[in-house]
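Me: I would like to go through this structure and ask why certain words are used for it. Please give the reasoning each time.

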Amino acid sequence: MNKRNFLKSLIAVSVLATTGAISISSQAAEITKLGFLVKQPEEPWFQTEWAFADKAAKDLGDVQIIKMAIPDGEKTLNAIDNLAASGAKGFVICTPDPKLGPAIMAKARSYDLKVITVDDQFLNAAGEPMTNVPIIMMAATEIGERQGFELYKEMQKRGWNVNETAVLAITADELDTARRRTEGSISALVKAGFPEKQIYKSPTKSNDIPGALDAGNAMLVQHPEVKNWLIVGMNDNTVLGGIRATEGQGFKPENVVGIGINGTDAVSELSKPKKTGFVGSLLPSPDVHGYRSTEMLYKWVKEGIEPPKYTPIGDPVLLTRENFKAELEKKGL
Ligand code: GLA
């Protein structure tokens, strides 16, 4: 090699080394932005999912979670525009309305954003679940069945006369996970021997305490003959609305049993110094929902690993006034 060629190759090597160094250091500094969009940020359930999405981001190291509240369709579509503008690569979402599924996916695709759903599954134009979009959700039927089973057990424990007892089932059938939970609960009650004709369904207009309170009131006034009520509902707030309705109409906690679902949203009720009819709540795993969905999305974006289409999360713990602090602590909640 003559001197000139030697110099040339020396320059080439150093250029290579420098560009290599630049790309390595820019890679290390590059933060992947991922959105986490939830329909009801006021529910501790969703706050817990957010907290564990952040925990996953911290463990993964080079991720930033952009948390957004999306209470309606317009805010949802705007949020996706904003995410894309900020350079995000994908998002986890609990939609305010499952029917927005096709619109959300069309917008996400236009920006090449990856989507993982959590809790509530998208529906297509025909009203069928969009099974091609990955979903992480609680095992709805099973958790509902557990609610029905626990309600029946508590009724027996209290020695109630079945003939003087009825079920107030506050329903939200447009939301498939809600329908599956309440149907699971009712079927478990019937299977245990509760008379089907004493199970009264009342649909709620909104998935919050005021909506469920109205639905409960509307049904209670129609059945003045009932002495004891068991309350079925898709989550803590729905059951709490039912409990508030019984209280408003003069029922004592001794004559009411409600068991919620979510756990996280039952903490203030279970902390009350005076017992209410709300005896407990089934806590699934909002921590796992938040953590795992974030991790799956990250791996999909960074490593091209496609997540499974369906990840059901089961095995809820029954929180009661006695154990709820310890059980929540065990899960780091
Ligand atoms: C639905 C409910 C929430 C919570 C989640 C859990 O989204 O609205 O309260 O129960 O399911 O999957």
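Reply: Start with a term: a polar contact is a pair of N or O atoms within 3.5 Å. Note also that this is a predicted model.

Me: What makes the pair between Asp-120 and the ligand a polar contact?

Reply: An N or O atom in the side chain of Asp-120 is 2.8 Å from an oxygen atom of the ligand. The cut-off is 3.5 Å, so the pair counts as a polar contact.

Me: Which distances do Glu-43 and Asn-235 give?

Reply: For Glu-43, a polar side-chain atom lies 2.7 Å from a ligand oxygen atom. For Asn-235, the value is 2.9 Å, again from a polar side-chain atom to an oxygen atom of the ligand. The protein covers 100% of the 300 Å² of accessible area that the ligand has on its own.

Me: Why are five residues of the shell around the ligand called charged?

Reply: Asp, Glu, Lys and Arg count as charged. The shell includes Lys-39, Glu-43, Asp-119, Asp-120 and Arg-181, so these are the five charged residues. The shell also has four nonpolar and two polar residues.

Me: How do you know that the predictor's confidence is low over residues 6-28?

Reply: pLDDT is that confidence, on a scale from 0 to 100. Over residues 6-28 it stays under 50, whereas the protein chain averages 93. For residues 6-28 the model has two contacts beyond four places in sequence.

Definitions and conventions
Residues numbered from 1 in each chain as written. Predicted model: local features only at pLDDT ≥ 70, side-chain atom pairs only at ≥ 80, totals over all residues. Heavy atoms only, no water. Near = heavy atom within 4 Å. Polar contact = N/O pair within 3.5 Å; in protein donor to acceptor, adjacent residues only side chain to side chain. Areas by Shrake-Rupley, 256 points an atom, 1.4 Å probe, with all protein chains shown as cover. Contact = heavy atoms within 4.5 Å.
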